[in-house]
Amino acid sequence: MERWWFHMIAGPDGSEAQIRIVLRSGDDESAYPTVQVAVDGTEVPTDDAPIDYEAPEWKAKQIFAAGGGGGDDAWESLKDRLRDEADA
């Protein structure tokens, strides 16, 4: 069973600006495959910005879609990329 984290990162105005998606695989947390995107779907460098809150996947997808990031295909593409990293 896959385990995911969907960390919401607030922008200067306090609203969700970025989403850090983490596939929790293996024993070494520092090696978990991770991608960070703006809510409009633009990939940004993964950084150590403080996490505002951890969202359930349905909420993170909702924010991603509302921000212009795309629909289910764009979301699943991000997750597939992390799955590929975990399998490598």
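These exercises, each with a worked solution, walk you through a few places in the structure above.

The model is predicted, so local features need pLDDT of at least 70, side-chain atom pairs count only at pLDDT 80 or more, and totals for chains, interfaces and linings use all residues. Residues are numbered from 1 along each chain as its sequence is written, and side-chain values use heavy atoms, with hydrogens and water left out.

**Exercise 1: two helices**

Work out how the axes of helix H1 and helix H2 cross.

Step 1. Find the two helices: H1 covers residues 57–66 and H2 covers residues 72–87. Helices (H or I, at least four residues) and strands (E, at least two) are DSSP runs, numbered from the N terminus.

Step 2. Look at the axes, which come within 10 Å and cross at roughly 120°. That makes H1 oblique to H2. Here, angles under 35 degrees count as roughly parallel, over 145 as roughly antiparallel, 65 to 115 as roughly perpendicular and the rest as oblique. Axes are lines fitted to C-alpha atoms, for helices over the stretch in contact, and angles run from 0 to 180 degrees between N-to-C directions.

Step 3. Now see which residues meet. Glu-57, Ala-60, Lys-61 and Phe-64 come from H1, while H2 supplies Asp-72, Ala-74, Trp-75, Glu-76, Leu-78 and Lys-79. Contact means heavy atoms within 4.5 Å.

Step 4. Sort the residues of this contact by type: five are nonpolar, none polar and five charged. Ala, Val, Leu, Ile, Met, Phe, Trp, Tyr, Cys and Pro count as nonpolar, Asp, Glu, Lys and Arg as charged, and the others, Gly among them, as polar.

**Exercise 2: the faces of H1**

Decide which residues of H1 are buried and what covers them.

Step 1. Pick out Ala-60, Ile-63 and Phe-64, the buried residues of H1. Buried means under 20% relative accessible area, exposed over 50%, and partly exposed in between (1.4 Å probe, protein chains only).

Step 2. Look down the axis of H1: its buried residues fall within an arc of 100°, so they line one face of the helix. The arc is that of the directions from the helix axis to the C-beta atoms.

Step 3. Turn to the other side of H1, where Trp-58 and Ala-66 are exposed.

Step 4. Return to the buried residues; their cover includes H2 and the strands E1 (4–10), E2 (16–23), E3 (34–38) and E5 (53–54).

**Exercise 3: a lysine and a tryptophan**

Find out whether Lys-79 is buried or exposed, and trace its contacts.

Step 1. Place Lys-79 in helix H2. Its relative accessible area is 6%, so Lys-79 is buried.

Step 2. Leave aside neighbours within four places in sequence, and Lys-79 is in contact with Trp-4 and Glu-57.

Step 3. Follow the chain to Trp-4, which lies in strand E1. Trp-4 also counts as buried, at 13% relative accessibility.

Step 4. Compare sequence with space: Trp-4 and Lys-79 are 75 residues apart along the chain, and their C-alpha atoms are separated by 9.4 Å.

**Exercise 4: two loop residues**

Describe the surroundings of Val-39 and Pro-50.

Step 1. Locate Val-39 in the loop between E3 and strand E4 (43–44). With 15% relative accessibility, Val-39 is buried.

Step 2. Beyond its neighbours within four places in sequence, Val-39 is in contact with residues including Ile-63, Phe-64 and Gly-68. Gly-68, just after H1, takes a positive phi of about 95°.

Step 3. Move on to Pro-50, in the loop between E4 and E5. Pro-50 is exposed, with a relative accessible area of 68%.
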